[in-house]
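I opened this model to look up its pockets, cavities, sheet and aromatic pairs. My entries follow in the order in which I checked them.

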Amino acid sequence: MADSAYAEAGVDTIRADTAVAALVGVLRTIDLGRESRAVLGSGHYANVLRIAEGLGIALSTDGVGSKVIVAEELGKFDTVGIDCIAMNVNDVICVGAEPIAMLDYIAVEGADPEQLRAIAAGLKEGAEQAGIEIPGGELAQLPELIRGHPSPYGFDLVGACFGTVSLDSVVTGSAVQPGDAVIGLPSSGVHSNGYTLARRALPDLDEAPPELGGRTVGETLLEPTVIYVRAVMDLLHSDADVRGLAHITSGGLGNLLRLEANVGYRISSPLPTLPIFDLIAERSGAGEDELYDVFNMGCGFCCVVPAKYADGALEILAKHHPGAAVIGHVTAQAGVVDRS
């Protein structure tokens, strides 16, 4: 995608994939001197380590990305903590684990009490939505590394999340079969991916285009990422046969292919595209395929269940996230996500 709008904005996803493969290729050669505790291979949303008979701990780490630049430019720091929690807990639940805690890492240009208090307010709100603790973290002052928009309010925000799961209940996607139903849960907006392209397309954060219904670009871009923990936990505790769980982030609906089954997916009834994505498309010149590869396009999470469980699963999920719907089904066309 070297000539894509995203690459022109500064993010070459093909090169990034190659770089990640190089990184993981080395890490796979770590000599433990003992058997690995890892239950899954790399590439899933989270990994699970075997820590006791029948018990695993799920691990994942993620950050907020360049969404923090929007927060810096607006001087509004009280929502990005929600995004940090969401990006982590939404990955951990994809393996069927219940998130229990997250550690935060905040790198700052300068330690400003009011800025950190506001970031903490978002972390608190996100933690309460997800039902997790934040028992510790780290603050690093890095004025030579971090530069704000404007200075001196630069920061980066990253988390590492931990959850627990019975080893006989780990959800990998390996049980997914052709004919299974795919249920989509609505996103709230851009969430925390693709901001390099979004900011390039919409540089005036104070603009209030009619497409956004009276909200400014900045307000819309700072809309926090949805936390799906309680809905997915209710689904996992139900009688539904939950075969696959996918957090729809960078890579869009292609994230379904991270599930382990050798299948494909046909998205015949996608959730409505949110106005912010239509506006990015218009201003960036990016084509539909690229937009669906970079953004969630209105669907922030997917659950895969056998067709006979779809109605019951949808009832559970829609109580938490109105607008949830069956968006397609699993096919035998391995490795293909068909949106036709």
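**Classes and ground rules.** For linings I count Ala, Val, Leu, Ile, Met, Phe, Trp, Tyr, Cys and Pro as nonpolar, Asp, Glu, Lys and Arg as charged, and the others, Gly among them, as polar. The model is predicted, so I accept local features at pLDDT of at least 70 and side-chain atom pairs only at pLDDT 80 or more, while totals for chains, interfaces and linings use all residues. Residues are numbered from 1 along each chain as its sequence is written, and side-chain values use heavy atoms, with hydrogens and water left out.

**Largest pocket.** I worked on a 1 Å grid over the protein atoms alone: a pocket is an open set of points with protein on both sides within 12 Å along at least five of seven lines, a cavity is a set where a 1.4 Å probe fits but cannot get out, and lining residues have an atom within 4 Å of a point. Grid points are joined across faces, edges and corners, and a volume is the space filled by probe spheres set on the points. The largest pocket comes out at about 1600 Å³. I find 48 residues in its lining, and V20, G43, H44, T61 and R258 lie nearest its centre. By class the lining of the largest pocket has 20 nonpolar, 21 polar and seven charged residues.

Which elements each supply at least two residues of that lining? I take helices (H or I, at least four residues) and strands (E, at least two) as DSSP runs, numbered from the N terminus. The elements are α2 (13-27), β1 (47-52), β2 (55-63), α4, α6 (195-201) and α10. α2 gives the most, with seven residues.

**Second largest pocket.** This pocket holds about 170 Å³ of space. Its lining includes G96, E98, T164, S166, M233 and H237. β5 and α8 (229-236) each supply at least two lining residues, and the largest share, three residues, comes from β5. I note four nonpolar, five polar and one charged residue in this lining.

**Cavities.** I find two cavities of 30 Å³ or more. The largest cavity has a volume of about 40 Å³, and L253, I267, P270, L271, Y292, N296, M297, C299 and I327 line it. Eight of these lining residues are nonpolar, one is polar and none is charged. The second largest cavity, of about 30 Å³, has H191, N193, T249, F295 and N296 among its lining residues. Its lining divides into four nonpolar, six polar and no charged residues.

**Sheet.** I count two strands as paired if DSSP finds at least two bridges between them. Six strands form an open sheet in the order β7-β9-β6-β10-β8-β11, with mixed pairing. β7 (244-247) and β11 (337-338) stand at the edges with a single partner strand each, so one side of each is left without a neighbour in the sheet.

I then checked individual pairings. β6 (residues 181-186) and β10 (residues 325-331) are antiparallel over four bridges, and V182 has G328 as its bridge partner in β10. β6 also runs antiparallel to β9, with six bridges; here I183 is partnered by C303. Three bridges join β8 (residues 264-266) to β10, again antiparallel, with Y265 opposite V330.

**Helix α4.** What span should the 13 residues of α4 (residues 80-92) have? I take the expected span as 1.5 Å times one less than the number of residues. That gives 18 Å, and the end C-alpha atoms are 19 Å apart, which agrees. All 13 of its 13 residues are buried (under 20% relative accessible area, with over 50% exposed and partly exposed in between, 1.4 Å probe, protein chains only).

**Aromatic pairs.** Rings of Phe, Tyr and Trp (its six-membered ring) pair if their centres lie within 6.5 Å; planes under 30 degrees apart count as stacked, over 60 as edge-to-face and the rest as tilted. I find three pairs in the structure. F77 and F155 are edge-to-face, at 5.7 Å centre to centre and 80 degrees between the planes. F77 lies in the loop between α3 (67-74) and α4 and F155 in β5 (residues 155-166), so the pair ties together parts 78 residues apart in sequence. Both F77 and F155 are buried.

F277 and F295 have ring centres 5.5 Å apart and planes at 45 degrees, so I enter the pair as tilted. F277 is in helix α9 (residues 275-284) and F295 in the loop between α10 (288-294) and β9 (299-305), 18 residues apart. F277 is buried, with a relative accessible area of 1%, and F295 is buried with 1%.
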